[in-house]
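These are my notes for a colleague who has not looked at this structure before. The points are numbered so that each can be checked in turn.

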Amino acid sequence: LTPLLAESEKEAMEDDTITLEKYEEIERQERDIRRSRGASGSGIEYEKLLKNQTDEDDESEIDTSEVMEHVSTEELVRVFKQIRVPALSVWFVFMITIGLFPSLIVLLESEHKCENYHDRFYNDLWTPFFFLMFNLFDFIGRFSASKLTFAWMNANNIWIPCAIRIIFVPLFLLCRVSDSRLPLIFKSDAFPIVIMAIFSVTNGYLSSLCMMLGPTLCSDSNS
């Protein structure tokens with residue numbers, strides 16, 4: 001009797017194992033079907049969302065163009081009169097910068113040029129060094145505009161330090177410039193390096209400060 005009971009229990013366990021495997025297989029198939037349906041449904045929903053977003057963008061562009069059509073020339077002139085000091089100041093800053101860099105900077109030469117052909121810094125790397133200096137110190141000046149402010153420097157007198165930058169024109173011309181007929185005053189290489197550092201920092205600082213002060217002079221809708 002005992003062997004018969006053991007054999008029946010073994011058959012029952014095998015039947016349970018087969019039933020469990022079938023159940024897991026069916027569940028796996030149903031999961032795959034749900035996943036495929038969900039993916040297709042999400043794709044449809046994504047297309048709907050994308051279409052709605054495109055329609056909204058088109059409507060916003062239309063609204064923007066309609067607003068721009070209603071802005072009159074008198075309104076633009078009125079806003080320019082309000083911000084004329086920082087606007088003209090930043091224009092003057094860029095005019096001085098573009099007038100000197102890179103047109104004049106590429107003509108600067110080192111006092112040690114051609115002394116040692118193995119020392120490339122004073123020869124073919126001298127001009128790239130000034131390009132690197134300008135970008136580095138210009139970035140420092142722009143970053144400092146939001147961190148370092150002076151109480152006396154406001155939207156009404158920002159033009160004063162911007163106008164003073166015109167002094168860089170004779171300063172660079174009196175350095176060691178290639179084929180220059182002007183007298184050489186600043187013979188040492190330290191002079192053009194220091195002048196370039198101040199020139200770059202003031203370009204980034206003053207231009208950023210002017211753009212920050214301009215919107216403070218007009219209303220929020222025009223800023």
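1. Cysteine 114 sits in the loop between α3 and α4. Its phi is near 65°, a positive value, and the residue is not a glycine. Most residues other than glycine have a negative phi, and most peptide bonds are trans. Cysteine 114 is partly exposed, because its relative accessible area of 41% falls between the limits of 20% and 50%. Bear in mind throughout that this is a predicted model.

2. The loop between α3 and α4 also holds proline 102. The peptide bond that leads from phenylalanine 101 to proline 102 is cis, and its omega is near 10°.

3. A positive phi also occurs at aspartate 179, where the value is about 55° although the residue is not a glycine. Aspartate 179 belongs to the loop between α6 and α7. Is aspartate 179 buried or exposed? With 76% relative accessibility, aspartate 179 is exposed, because the limit for that class is over 50%.

4. On the overall fold, the protein has seven helices and zero strands. The order along the sequence is therefore written α-α-α-α-α-α-α, with helices numbered from the N terminus. Of contacts between residues at least 6 apart in sequence, 80% join residues at least 24 apart.

5. On the surface, the protein exposes about 15,800 Å², and carbon and sulfur atoms account for 63% of that area. Of the 223 residues in the protein, 23% are buried.

6. Tryptophan 126 is a residue to look at in helix α4, which covers residues 126–144. Tryptophan 126 is buried because its relative accessible area is 2%, and the limit for buried is under 20%. Which residues does tryptophan 126 contact, leaving aside its neighbours within four places in sequence? They are Leu108, Glu109, Ser110, Arg120, Phe121, Asp189 and Ile193. Between tryptophan 126 and serine 110 there are 7.1 Å from C-alpha to C-alpha, and the two are 16 residues apart in sequence.

7. Helix α4 also meets α7. The axes of these two helices, α4 and α7, come within 7 Å and cross at roughly 35°, and the crossing of α4 past α7 is right-handed. On the α4 side the contact includes Trp126, Phe129, Phe130, Met133, Phe134 and Phe137. On the α7 side, Pro192, Ile193, Met196, Ala197 and Phe199 are among the residues met. Sorted by class, the contact of α4 with α7 has 13 nonpolar, seven polar and two charged residues.

8. The largest nonpolar core has 20 residues. Those with the most contacts inside this core are Leu100, Ile105, Leu108, Phe172, Met196 and Phe199. Which elements give two or more residues to this core? They are α3 (84–100), α4, α6 (168–173) and α7 (190–213). Apart from this core lies another, of 12 residues, including Ala145, Met153, Ala155 and Cys162.

9. Phenylalanine 172 shows how part of the largest core is put together, being one of the residues with the most contacts inside it. Leaving aside neighbours within four places in sequence, phenylalanine 172 is in contact with Leu100, Leu104, Ile105 and Leu108, among others. The list for phenylalanine 172 also includes Val177, Pro192, Ile195, Met196 and Phe199. Leu108 also appears among the contacts of tryptophan 126.

Definitions and conventions. Residues numbered from 1 in each chain as written. Predicted model: local features only at pLDDT ≥ 70, side-chain atom pairs only at ≥ 80, totals over all residues. Heavy atoms only, no water. Helix = DSSP H or I, 4+ residues; strand = E, 2+ residues; numbered from the N terminus. Buried < 20%, exposed > 50% of the residue type's maximum accessible area, 1.4 Å probe, protein only. Contact = heavy atoms within 4.5 Å. Areas by Shrake-Rupley, 256 points an atom, 1.4 Å probe, with all protein chains shown as cover. Core = buried A, V, L, I, M, F, W, Y, C linked by side-chain atoms within 4.5 Å. Axes fitted to C-alpha atoms, helices over the stretch in contact; angles between N-to-C directions. Left-handed = near helix turned anticlockwise from the far one by under 90°. Nonpolar A, V, L, I, M, F, W, Y, C, P; charged D, E, K, R; others polar.
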